[in-house]
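Hi,

Here is the structure we talked about handing over. Please open it alongside this message; my notes on it follow below.

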Amino acid sequence: MIRIDGKVAIITGGSRGQGAATAGVFVAAGATVYITDVDDAEGEAVASSCGCTYLHHDVSQPAEWAAVVDRVVADHGRIDVLVNNAGIIEWRTMTDTSLEVWERVVAVNQTGPLLGMQAVAPVMKRQGSGSIVNLSSIGGLGGSSPCFAYGATKWALRGMTRGAAQELGPFGIRVNAILPGSVESQMIAGMDRENLIKATPLRRIAQPEEIGRLSLWLASDESGYVTGADHVIDGGMKA
Ligand SMILES: NC(=O)c1ccc[n+]([C@@H]2O[C@H](COP(=O)([O-])OP(=O)(O)OC[C@H]3O[C@@H](n4cnc5c(N)ncnc54)[C@H](O)[C@@H]3O)[C@@H](O)[C@H]2O)c1
């Protein structure tokens, strides 16, 4: 198993789903993990069951990013890994996307990762190392008509990942995007599971830990020459 002993990681949206599963994978691999979220009750429960620390944190708020980074640096003096995982979805077509919905989805899915990369970059630059993982989606590879704003932010995150990788590479900081297909979590509640499975050559929906293990590889030194890349993990859906 890949080890990340001694690394200090922040995982946003860690109160459930992929964020919580990734926290478990990282802790088992030897990391010190901080999960952040707006759902405090679930976040505290995940933290006590998996052995990490929970911090309240709305990723769309710059001051809350500063508080998270200050706390982790005060505790450990470093940040090795940021997983920008928090995300929301709204099932609205382009025509039905109100400005309020658009701005809410962009604030969490796109502005959140921007603020996160800006907040950790100075710390990682001082260290001369770091790995940032951005949770995009295969929705960022094609049209996402029924969830228009969501798809737009996932496209944007792929571009942001590449631009940040170009800028931060000379400082020893890697930035990668993960593009999952269907993953067992609250986000796919209400979707037609049979159709999802039929559209997936591996004929199943991913377990959140499987995405966590890809994040683990990207967080680890095993992927030391990998940056600015899309990592599709979709059971072959886009093959
Ligand atoms: N589930 C899927 O099929 C799937 C597929 C592709 C990509 N993704 C992406 O993976 C990531 C994780 O999704 P998931 O499947 O675990 O979904 P989820 O809905 O189970 O979890 C999302 C988490 O983000 C948190 N969150 C929401 N708004 C926040 C905010 N403003 N600040 C901090 N935290 C906030 C929620 O409270 C929740 O704990 C998301 O970015 C999602 O877009 C999911």
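The core to look at is an open sheet of seven strands, in a predicted model. Its strand order is β3-β2-β1-β4-β5-β6-β7. The pairing is parallel. Two strands sit at the edges: β3 (53-56) and β7 (230-233). Each of these pairs on one side only. On average, neighbouring strands are turned by 20° against each other, direction ignored.

One pair is worth a closer look. Strand β5 covers residues 130-135, and strand β6 covers residues 173-180. They run parallel and are joined by six bridges. Across this pair, S131 stands opposite R174 in β6.

Next, the helices on the sheet. Helix α3 (residues 62-76) packs on it and touches β1 (8-12), β2 (32-37) and β3. The direction of α3 makes about 160° with that of β1. Helix α4 lies across β1, β4 (81-84), β5 and β6. It runs at about 170° to β5.

How do α3 and α4 meet, and at what angle do they cross? Their axes come within 9 Å and cross at roughly 30°. The crossing is right-handed. From α3, the residues in contact are P62, W65, A66, V69 and V73. From α4, they are L115, G116, A119, V120 and V123. By class, this contact has nine nonpolar residues, one polar and no charged.

Helix α4 (residues 99-127) also packs with helix α5 (residues 148-168). Their axes are 9 Å apart, at an angle of about 15°. Angles under 35 degrees count as roughly parallel, so α4 and α5 are roughly parallel to each other. Here too α4 passes its partner, α5, in a right-handed crossing. On the α4 side, the contact includes V101, W102, V105, V106 and N109. Further along α4 come Q110, P113, L114, M117 and A121. On the α5 side, the residues are A149, Y150, T153, A156, L157, M160, A164 and L168. This contact has 15 nonpolar residues, three polar and no charged.

Last, the ligand. Which residues are closest to it? They are G13, G17, A86, G87 and S185, from a shell of 28 residues that surround the ligand. Helix α1 (residues 17-28) gives the largest share of that shell, with three residues. By class, the shell has 10 nonpolar, 14 polar and four charged residues.

To find your way around, start from the sheet order, β3-β2-β1-β4-β5-β6-β7. Then follow α4 across β1, β4, β5 and β6. From there, go to the residues around the ligand, G13 and S185 among the closest.

Best wishes

Note on methods. Residues numbered from 1 in each chain as written. Predicted model: local features only at pLDDT ≥ 70, side-chain atom pairs only at ≥ 80, totals over all residues. Near = placed C-beta within 6 Å. Helix = DSSP H or I, 4+ residues; strand = E, 2+ residues; numbered from the N terminus. Nonpolar A, V, L, I, M, F, W, Y, C, P; charged D, E, K, R; others polar. Axes fitted to C-alpha atoms, helices over the stretch in contact; angles between N-to-C directions. Parallel < 35°, antiparallel > 145°, perpendicular 65-115°, else oblique. Left-handed = near helix turned anticlockwise from the far one by under 90°. Contact = placed C-beta atoms within 7 Å. Pairing = 2+ DSSP bridges.
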